[in-house]
Amino acid sequence: MRILLCNCNSPPSLSLTPPQKPPPSLFPAAAVWTKKTLITALSGALSLTLLVSSPSPALSSDSPPFQPPRPPQLSTPLPDRCNEEEEEQLQNKVVLKPEFVTNEEIVQEAWQIVNDSFLDTGRHRWSPQSWEQKKEDILGTSIQTRSKAHELIKRMLASLGDPYTRFLSPAEFSKMARYDITGIGINIREVPDDTGSVKLKVQGLILDGPAHTAGVRQGDEVLAVNGEDVVGKSAFEVSSLLQGPNETFVTIKIRHGNCGPTQSLEIQRQLVARSPVFYRLEQVSNSPSSVGYMRLKEFNALARKDLVIAMKRLQDMGASYFILDLRDNLGGLVQAGIEIAKLFLNKGETVLVNNRTASASEIVASALHDNCRAVLVGERTFGKGLIQSVFELRDGSGVVVTVGQYVTPNHLDINGNGIEPDFRNFPGWSDVSQHLLKCNLHQQG
């Protein structure tokens, strides 16, 4: 099963100039989340387990064919707290191919994912008792075809009353490839062990993708990337280390399971995401200042990297201010939204929004606005304050499940409400400066 954390309607910080003081942060230092509930305020410490998951969607059918690397060499197992039971489980682990998974197993897998992960915000028709009854009703009948199994999953998810929890056909699931930020098709997550240390585990991977073909399996621990030890690094930092130009190679060192052998693998990158960034330099009327205009279409795997490049180029061209255009941006990867917000938290900017600014776009807009780092111009935003994870089922289809909820730094629930802009029409730069000054004085008072 592969998991992609997104913030979508259909789905290490870099400062260009050294900050004089620590930049405002997005999440509360005391953020607490449980298995079934999560309310996240976008201010405070920048680490939250649920939000740092990297994506692991399937590769699209039009991707270039992957050329398998040379056969890997196994090395001697490293010492670890292993026992015979774990070793036996590792040796007996079998990855079932889609044709060997029964229709009943697919339906039950979807049911279990919702049972374990679904967030009940109080607006749905979900209850543990009704969901348990749903399983008994559905699995009590014979499911003759795969299409019938998929239809049952759709009906089962629709009964929750949540418009964002839904089924994805194999073709729809394959389109999630643009959210693979590693380029090799793995989803890395920080997993604490019983000693308090944190390991970087492969939470999921693209079936027949570069990493899977090379021998990486779900549950493997990532130990090094291109010879660099990853101990102490976050999942996002390691995902960034894995990135590189399309069709180039990266070497990763992994340990299979908790106690298996270590293995060094050379893997060829396959990138399917397209740049979501458009930028240009504009001259301010009656002023020597220049403005860097950047439009971000979605928060995909390339969003942060390409936005950093655009900002640097615009600064080199003389930009004194930035405009970030999020109009018609329906969202994407939550972590990409967080990392992009961090890029702008050092100084005042302008963010353009409209009624199709949603999800991860609203994370960025509210974080910059409530931290007095930007003014919002345009229309009230869409109002989607829920977070979804995308889970792959064993036949290549998937389910999108609402797993989290967030509020703004000012503790406003935007779900169904949206964010009201500061200005309907574009203000003068002096008005922007005055507005941000008043906002900072208000916060200090």
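How many bridges join strand β13 to strand β15, and do these strands run parallel or antiparallel? Keep that in mind while we get our bearings. What you're looking at is a predicted model. The protein has 445 residues, and 51% of them are buried. Its secondary structure comes to 11 helices and 18 strands. The accessible surface is about 20200 Å², with 51% of that belonging to carbon and sulfur atoms.

Now back to our two strands. Find β13 at residues 319-325 and β15 at residues 349-353: 3 bridges join them, and they run parallel. If you'd like a spot to zoom in on, L324 stands opposite V351 in β15. Helix α10, residues 360-370, packs on the sheet here and touches β13, β15 and β16. The direction of α10 makes about 130 degrees with that of β16. Helix α11, residues 429-444, packs on the sheet too, touching β12 (290-296), β13, β15 and β16. For α11, the angle with the direction of β16 is about 125 degrees.

So what does the whole sheet look like, and in which order do its strands come? It is an open sheet of 5 strands, and reading across you get β11-β12-β13-β15-β16, with mixed pairing. At the edges sit β11 (277-283) and β16 (374-378), each of which pairs on one side only. From one strand to the next, the twist averages 25 degrees.

Next, let's look inside. The largest nonpolar core holds 72 residues, and the members that touch the most others are I153, F344, V351 and V399. You've already met V351, the residue in β15 that L324 stands opposite. Where does this core lie? It lies between domain 1 (103-163) and domain 3 (277-386 + 403-443), because both of them give residues to it. Pick out I153 and look at what surrounds it: leaving aside residues up to four places away in sequence, I153 touches I106, V107, A110, F167, L393 and V399. There is also a second, separate core of 20 residues, including V202, L242, V250 and I254.

Helix α9, at residues 334-343, is worth a stop as well. Is it enclosed or open to the outside? All 10 of its 10 residues are buried, so the helix is largely enclosed by the rest of the structure. Among those buried residues are V334, I338 and L343, but also Q335, E339 and K342.

Let's move to another part of the chain. Strand β7, residues 221-225, is mostly covered, with 5 of its 5 residues buried. It has two pairings to trace. With β9, strand β7 runs antiparallel, joined by 4 bridges, and you can spot A224 standing opposite K253 in β9. With β8, residues 228-229, strand β7 also pairs in the antiparallel sense, this time over 2 bridges. There, V225 has E228 as its bridge partner. The hairpin of β7 and β8 has 2 residues between the strands, and in it N226 takes a positive phi near 50 degrees.

Our last stop is G244, which you'll find in the loop between α7 (235-242) and β9 (249-255). Which residues does G244 touch, not counting those up to four places away in sequence? They are R269 and L271. As for Q270, it is 26 residues from G244 along the chain, and the C-alpha atoms of the two are separated by 9.4 Å.

Terms used
Residues are numbered from 1 along each chain as its sequence is written. This is a predicted model: local features need pLDDT of at least 70, side-chain atom pairs count only at pLDDT 80 or more; totals for chains, interfaces and linings use all residues. Side-chain values use heavy atoms; hydrogens and water are left out. A nonpolar core is a set of buried Ala, Val, Leu, Ile, Met, Phe, Trp, Tyr and Cys residues joined through side-chain atoms within 4.5 Å. Buried means under 20% relative accessible area, exposed over 50%, partly exposed in between (1.4 Å probe, protein chains only). Domain bounds come from an automatic or database domain assignment. Contact means heavy atoms within 4.5 Å. Two strands pair if DSSP finds at least two bridges between them. Axes are lines fitted to C-alpha atoms, for helices over the stretch in contact, and angles run from 0 to 180 degrees between N-to-C directions. Accessible areas come from the Shrake-Rupley method with a 1.4 Å probe; for residues, only the protein chains shown count as cover.
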